[in-house]
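Have the viewer ready and follow the selections in turn. Each stop says what to pick and what you will find there.

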Amino acid sequence: MKKLLLASAIAAVASTGAFAEDIKIGVILGFTGPLETITPGMRDGAELAIKEVNDAGTLLGGSTVESVRADSTCIDSGAATAAAERLITSDKVAAIMGADCSGVTGAILANVAVPNGIVMISPSATSPGLSDAEDNGLFFRTSPSDARQGVVLANMLMERDMKSVALTYTNNDYGKGLADSFQSAFEEAGGTVTISAAHEDGKADYSAEVGALASAGGDVLVVAGYVDQGGKGVIQAALDAGAFDTFVLPDGMYGDSLIEAIGSDLNGTFGLVPGSDSAGGETFREMAKEAGFDGTSSYTGESYDAAALMLLAMAAAGSSDSNVFKDKVMDVANAPGEKINPGELAKAIEILQSGGEVDYVGATAVELIGPGESAGTFREYEVKDGDFATIGFR
Amino acid sequence: MEPLNALVAFSNYVLIPGASYGAQLALGALGVTLIYGILRFSNFAHGDTMAFGTVATILFTWLFQGWGLHLGPLPTALLALPFGIATTAVLLLGTDRVVYRFYRRRKAAPVILVIVSVGVMFVMNGLVRVVLSVGAVFLAPEGQQDTRGTDDVNFADGARFIINARQFKDMTGLDEGLAIRATTAITLVAAGIAVGVLFWFLNRTRTGKSMRAFSDNEDLALLSGINPERVVMVTWLIVAALATTAGVLYGLDKSFRAFTYFQLLLPIFAAAIVGGLGSPLGAVAGGFVIAFSEVTVTYAFKKVLGYLAPGGWEPDGLVQLMSTDYKFAVSFAILIVVLLFRPTGLFRGKSV
């Protein structure tokens, strides 16, 4: 009898334990390496969401969430894989917030997350290659793929009825990837790319490149380059030769130095730069300020959203098992449902655990598309009277 | 009108850029060829000598701009050019005294001098960036003070265009525009003057003749009482003038970056070798051959042929022999062909 009582007592403890557990979230970012200046802010963003959920204390019957940090190094796939391995086997994390750079993110995903069936949400990996990585539905990102910008640019040109463009890109992975994604999106929409030519950065003279671009012709010239590098040189040379008057500029070309160097000759030129006008961003920056870090630093909002999304997905699924809650991430992020801004995680958990639906907006107006990546929001601008003027957001 | 449009498009994208680039290369190649002829080695530091000369001129330009000195429509850099040349001359004579003279006295083989010049190149490359970034702190106009020696440096002022594409179209009613930049015209005029003065000096003056004698046969020249150290000194002075002028014109016409002059080394050497090392006339011809080959081979002739072809025969493709990425490959290819089939170059210079 005693034994039976004891056994049932243990069973009772164990079953409540299943509800109120200690959930560990791996935060794997490049605390050393080329991104070491921005990763502390990203970590603080993610941990802000975790703290908010803990303060509410309602997740999965009062579970507490704990973050376990690890170093992705940003560039060393071997070290990143080992660190992620440690998070899963010895720290037993339920999910991974990270990694930051595209290369190590791909390595962790393929070598650790997929074999162990652990959900991974990256705040900042933007390589288009990750869109079709083998992920068993475990991988998400709260930043848009670089390819996304090409699609948005193509739409912008189509809306302005510009059907024929010349295209030049800086000769590296960023430029080539962006140029390819733009070209395929633009041609699919019925446009023509008359020429797609690379330019090298750091040269003094771009007249030969401009000669080829001008010969191919087009309504406008799309310059997928860097503002302080070859991109500016190409624009200057094209204006000097009278080859093109109007330029279309992706994010790498946004900068005051372009206006300073060229000025009102740029009038009519338009382009995109990541950015949103969502109220969530403002709220998040205030929350960050209160918590003692800089919410305007790169990818802090995306990091908050990444951590928040995985916790809300757990609430929606009623489980912290990656293989169960992975299907809920998209549902939580997108409509229909009650819109959730930063600071409203407690409300979201309540709605989800009572069977309702939420549409997580968060700090960066998250909308997940395709294989679970952010659609991204971009600020569209045009140069008017020698200055950048915001036209709208898309 | 169609043939006219074709001609204008061709001039705008091939003829004019090719001519100014050719003149800049010719000035550079003249310096290389003089050093090869008289000091008997290929000077790898020449690109960075050009960069140093340009930086010196830029600093003087900023100084003069600060004083409010201007040349009206002409760039202030032309006023600063003589001071830049003088500074570069001091540097080159100093380098000769400290480095090259030691090896010359030991009658070192040319290949050793070439390697020495590579060392000088690295030192000069660093020097250029130090001088530029330190000088910028004191002299540069607002906004350029914190240049790190790797950024674009803008020092051109004065009128930008003699005629720009839009004005040309309005004036002629043609579909194609023709832009002539002020710096292009200045390049051609300045290069013409420099080459003229150099040839006059080499052919008509006593010092010039002694230099040519020294180049033709060192021993005979020494026997006839020519002072070798003096010939060497005059050579460095002329090289300083040529390199600084070439560098400043290139920087005015295109843009200045400390690293890009190093990349100019290949086309400059190609020009000097194609023309015939040691032959000044060859260097000038070689400069234009290389420049026009680079520009025509990488130009897409679609537009020009589109104007010339009878209706319906316009080309669909770009009609481009080689993508612009491979621009430098053109000078390489010409270099190899010349070395294989005519190692003395077009004007019978020295065989390498």
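Start with chain A coloured by burial: of its 394 residues, 53% count as buried. Keep in mind that this is a predicted model.

Now look at the contacts within chain A. Take those with a separation of 6 or more: 70% of them join residues 24 or more positions apart.

Switch to cartoon. Chain A shows 14 helices and 16 strands. Its radius of gyration is 24 Å, close to the 21 Å that the globule rule gives for 394 residues, so chain A is as compact as a globular protein of that length. Turn to the principal axes next. Along them, the C-alpha trace of chain A spans about 95 × 40 × 40 Å.

**Domains**

Colour chain A by its domain assignment. Select 21-143 together with 278-374 for domain 1, then 147-267 for domain 2. How far apart do the C-alpha centres of these two domains of chain A lie? The distance is 35 Å.

**The seven-stranded sheet**

Stay on chain A and pick out strands 7-6-8-9-10-15-16, in that order. These seven strands form an open sheet with mixed pairing. Which strands sit at the edges? Select 192-199 for strand 7 and 387-393 for strand 16 of chain A; each pairs on one side only. Look along the sheet: neighbouring strands are turned by 25 degrees against each other on average, direction ignored.

Zoom in on strand 6 of chain A, residues 164-170. Strand 6 runs parallel to strand 7 of chain A, and the pair is joined over seven bridges. Click Thr168(A), whose bridge partner in strand 7 of chain A is Ala197(A).

Next, add helix 6 of chain A, residues 173-188. Helix 6 packs on the sheet and touches strand 6, strand 7 and strand 8 (220-224) of chain A. The direction of helix 6 makes about 165 degrees with that of strand 6 of chain A.

Then add helix 7 of chain A, residues 207-216. Helix 7 also packs on the sheet, and touches strand 6, strand 7 and strand 8 of chain A. Set helix 7 against strand 7 of chain A: their directions make about 175 degrees.

**Where the chains meet**

Bring chain B into view. The contact takes 29 residues from chain B and 22 residues from chain A. Which helices of chain B each supply at least two residues to the side that touches chain A? Select helix 1 (2-39), helix 5 (165-172), helix 12 (280-298) and helix 13 (302-308) of chain B. Finish by colouring this side of chain B by residue class: 11 nonpolar, nine polar and nine charged residues.

Terms used
Residues numbered from 1 in each chain as written. Chains lettered and ligands numbered in written order. Predicted model: local features only at pLDDT ≥ 70, side-chain atom pairs only at ≥ 80, totals over all residues. Pairing = 2+ DSSP bridges. Helix = DSSP H or I, 4+ residues; strand = E, 2+ residues; numbered from the N terminus. Axes fitted to C-alpha atoms, helices over the stretch in contact; angles between N-to-C directions. Contact = placed C-beta atoms within 7 Å. Rg over C-alpha atoms; globule rule 2.2 N^0.38 Å. Buried ≥ 20, exposed ≤ 12 C-beta atoms within 10 Å, placed from the backbone. Domains from an automatic or database assignment. Nonpolar A, V, L, I, M, F, W, Y, C, P; charged D, E, K, R; others polar.
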